[in-house]
Amino acid sequence: EGDIEFRDVSFSYNKEKSPLENINLSINRGETIALVGSTGSGKTTLVNLLARFYKPTKGEITINKINIENFELDSFRSNISFVDQHVRLFNDTIKNNIALGQGDSMPNESVINAAEVSNSLEFIDKLDNQFDTEIGEDGVTLSGGQRQRLSIARAIAKDSPLLILDEATSALDSATEKLVQSAINKMRQGRTTIIIAHRLSTIQNADRIIVLKDGQIIEQGSHKELLKLSGEYAKLNEQQFS
């Protein structure tokens with residue numbers, strides 16, 4: 001737990017164009033940050049560097065002033081929860097999908113609480129076997145919104161201090177999106193949260209919005225502050241809502 005800092009971070013997949021260049025960004029503990037920008041702007045690359053899927057070609061990323069490369073990898077990743085639009089569920093019970101990797105060691109109260117906060121209890125209670133219901137490979141017996149809420153329940157049960165959301169509501173209809181967005185808002189409490197967003201309507205309440213273009217941070221501020229700038233964010237916002 002602690003403040004995250006990107007110091008002069010650059011990254012390139014090859015020696016040609018860098019998807020990220022000279023990134024300097026501080027994220028305070030408990031803050032909700034949204035990353036926005038057109039496709040190829042570097043949003044996902046920045047998150048992948050933080051999760052240590054890649055190493056920066058220049059600069060360093062620190063947590064509490066300690067380079068993240070100094071942490072033991074499995075331990076480090078256990079402190080991060082990912083929720084994205086590609087939900088990964090297993091041919092097992094709802095309970096075991098929520099308590100992924102923890103099995104019977106996770107108390108029932110924790111599983112139930114995660115289901116309640118994620119708005120999953122609403123459909124689980126209607127199932128014949130409730131938490132003991134087998135959901136099939138990749139949750140085939142559930143709707144898209146139900147699967148997404150289960151993935152959020154899993155992240156809540158994991159109780160990681162760092163939460164990364166990659167367009168977690170993009171494949172949902174508007175009614176289901178509201179349920180999932182409500183679950184996300186509850187889950188963010190007390191956690192450092194990084195949201196990769198394409199739908200700007202989902203991140204207007206973020207503490208800070210970081211606008212990336214061609215691998216560089218070009219704007220940052222609240223939704224209202226960025227609209228007043230009449231810059232890149234305002235242009236993206238106008239394109240979505242015009």
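This briefing describes two sheets, the helices that lie against them, one pocket and one aromatic pair. The model is a predicted one, and every value given here is computed from it. One sheet is open and has four strands with antiparallel pairing, while another open sheet has six strands with mixed pairing.

**The four-stranded sheet**

- The strands of this open sheet follow the order β2-β1-β4-β5, and their pairing is antiparallel.
- Because β2 (residues 20-27) and β5 (residues 66-67) stand at the edges with a single partner strand each, one side of each is left without a neighbour in the sheet.
- Strand β1, which covers residues 4-11, is joined to β2 by five bridges, and the two run antiparallel; within this pairing, E5 has S26 of β2 as its bridge partner.
- Helix α1, formed by residues 43-50, lies across β1, β2 and β4 (58-63), and the helix runs at about 115° to β1.

**The six-stranded sheet**

- Here the strands follow the order β6-β7-β8-β3-β9-β10 in an open sheet, and the pairing is mixed.
- The edges are taken by β6 (residues 80-84) and β10, each of which has a single partner strand, so one side of each is left without a neighbour in the sheet.
- On average, and with direction ignored, neighbouring strands of this sheet are turned by 20° against each other.
- Parallel pairing is found between β7 (residues 162-166) and β8 (residues 192-196), which are connected over five bridges, and L163 has T193 of β8 as its bridge partner.
- Helix α1 also packs on this sheet, where the helix touches β3 (32-36), β6, β7, β8 and β9, and its direction makes about 145° with that of β8.
- Helix α6, formed by residues 144-158, packs on the sheet as well, touching β6 and β7, with a direction that makes about 175° with that of β6.

**The hairpin of β9 and β10**

- Strands β9 (residues 208-213) and β10 (residues 216-221) run antiparallel and are joined by five bridges, and in this pairing the bridge partner of V211 is E219 in β10.
- Two residues lie between the strands of this hairpin, and D214 takes a positive phi near 50°.

**Aromatic pairs**

- The structure holds five aromatic pairs, and one of them is formed by F11 and Y54, whose ring centres are 5.3 Å apart and whose planes are at 40°, so the pair is tilted.
- This pair links distant parts of the chain, since F11 belongs to strand β1 and Y54 to the loop between α1 and β4, with 43 residues separating them.

**The second largest pocket**

- The second largest pocket holds about 350 Å³ of space.
- Its lining is made up of 20 residues, of which E1, G2, I63, N79 and P161 lie nearest the centre of the pocket.
- Sorted by class, the lining of this pocket has seven nonpolar, eight polar and five charged residues.

Terms used:
Residues are numbered from 1 along each chain as its sequence is written. This is a predicted model: local features need pLDDT of at least 70, side-chain atom pairs count only at pLDDT 80 or more; totals for chains, interfaces and linings use all residues. Side-chain values use heavy atoms; hydrogens and water are left out. Two strands pair if DSSP finds at least two bridges between them. Contact means heavy atoms within 4.5 Å. Axes are lines fitted to C-alpha atoms, for helices over the stretch in contact, and angles run from 0 to 180 degrees between N-to-C directions. On a 1 Å grid over the protein atoms alone, a cavity is a set of points where a 1.4 Å probe fits but cannot get out, and a pocket is an open set with protein on both sides within 12 Å along at least five of seven lines; lining residues have an atom within 4 Å of a point. Grid points are joined across faces, edges and corners, and a volume is the space filled by probe spheres set on the points. Ala, Val, Leu, Ile, Met, Phe, Trp, Tyr, Cys and Pro count as nonpolar, Asp, Glu, Lys and Arg as charged, and the others, Gly among them, as polar. Rings of Phe, Tyr and Trp (its six-membered ring) pair if their centres lie within 6.5 Å; planes under 30 degrees apart count as stacked, over 60 as edge-to-face and the rest as tilted.
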